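Open your viewer and get ready to click along. This short tour moves from the ligand outwards, one selection at a time.

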Amino acid sequence: MQLIYSATSPYARKVRMLVIEKRLTDRVEVVVANPLQDPPELLAANPLAKVPALIVEPDGVSGFTLFDSPLLCAFLDSLSAPQLIPEAGPERWRVLRREALADGITDAAVSSVMEGRRMESQRSPEWLARWRSAILRGVFELEKEAVVLGARFDLGAIASAAALAYLDFRLPQIDWRAQAPGLSAWLEVVRDRESFVQTVPPEG
Ligand SMILES: N[C@@H](CCC(=O)N[C@@H](CS)C(=O)NCC(=O)O)C(=O)O
């Protein structure tokens, strides 16, 4: 399998962390791509031109590809133990809800970053304020889960770590820690995990 990713994408980081946590690194070759340059190998794997994308059978003819990080995580989780998405029951939906909440924070953060790269005259202060509010409400909600996140490093925890680390990386002006001391302390512990260390984005 090939995982097409960019080193700064928080969605790709989530998938890469899951691959490492599940010890699937021998089965998943990683290939770097810049989605904004529409590289042909990415377009072939994902017509939406977003990373991460997974080439499951790279045979060029009947190659089966997957895209959208929740789907990639669900697929990869099905391949080996330890299971990072519970099989069934209320806990399954709690974990997937945490993933959705963390991904929603990431969505608002990525949108803010992209908006911030536009010319000032083209930027929308209204949308930037809306995304900032969504980020802060999302973090506030996730803070209620801080104790649970510390109990088990499942997909909800991986997605949360990727989202919070992305806020630190790209939007350091958002002081999310002020309203989330539990998450802040939790992220300090996560920082030592191999899957976190190996996926730290490059500066710049
Ligand atoms: N929902 C997707 C979002 C993926 C996404 O937006 N990735 C960004 C990089 S952080 C991208 O490839 N953007 C290129 C584009 O939107 O054209 C996922 O979870 O994988």
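Start by selecting Asp68 together with the ligand: in this predicted model, an N or O atom in the Asp68 side chain is 2.7 Å from a nitrogen atom of the ligand. Now add Ser69, where a polar side-chain atom lies 2.6 Å from a ligand oxygen atom. Next, show the backbone of Val51, since the side chain is not what to look for here: a polar backbone atom of Val51 is 2.9 Å from a nitrogen atom of the ligand. With these contacts on screen, turn on the ligand surface; the protein covers 75% of the 510 Å² of accessible area that the ligand has on its own.

Now select everything within 4 Å of the ligand. Besides the residues already shown, you will pick up Ser9, Pro10, Tyr11, Pro35, Ala49, Lys50, Pro52 and Pro70. Colour this shell by class and you get 7 nonpolar, 2 polar and 2 charged residues. Two helices, α1 (10-21) and α3 (69-77), each give two or more residues to the shell.

Time to zoom out to the space itself. Which pocket does the ligand take up? The ligand fills space in the largest pocket, which has a volume of about 770 Å³. Select its lining and you will find 28 residues, with Ser9, Tyr11, Pro35, Val51 and Val110 nearest the centre. Elements giving two or more lining residues are α1, α3, α4 (90-116) and α7 (155-170). Highlight α4 last: with 5 residues, α4 gives the most to this lining. Coloured by class, the lining divides into 16 nonpolar, 6 polar and 6 charged residues.

Definitions and conventions
Residues are numbered from 1 along each chain as its sequence is written. This is a predicted model: local features need pLDDT of at least 70, side-chain atom pairs count only at pLDDT 80 or more; totals for chains, interfaces and linings use all residues. Side-chain values use heavy atoms; hydrogens and water are left out. A polar contact is a pair of N or O atoms within 3.5 Å; within protein, one must be able to donate a hydrogen and the other to accept it, and residues adjacent in sequence count only if both atoms are side-chain atoms. Accessible areas come from the Shrake-Rupley method with a 1.4 Å probe; for residues, only the protein chains shown count as cover. On a 1 Å grid over the protein atoms alone, a cavity is a set of points where a 1.4 Å probe fits but cannot get out, and a pocket is an open set with protein on both sides within 12 Å along at least five of seven lines; lining residues have an atom within 4 Å of a point. A molecule sits in a cavity or pocket if more than half of its atoms lie within 2 Å of its grid points. Helices (H or I, at least four residues) and strands (E, at least two) are DSSP runs, numbered from the N terminus. Ala, Val, Leu, Ile, Met, Phe, Trp, Tyr, Cys and Pro count as nonpolar, Asp, Glu, Lys and Arg as charged, and the others, Gly among them, as polar. Grid points are joined across faces, edges and corners, and a volume is the space filled by probe spheres set on the points.
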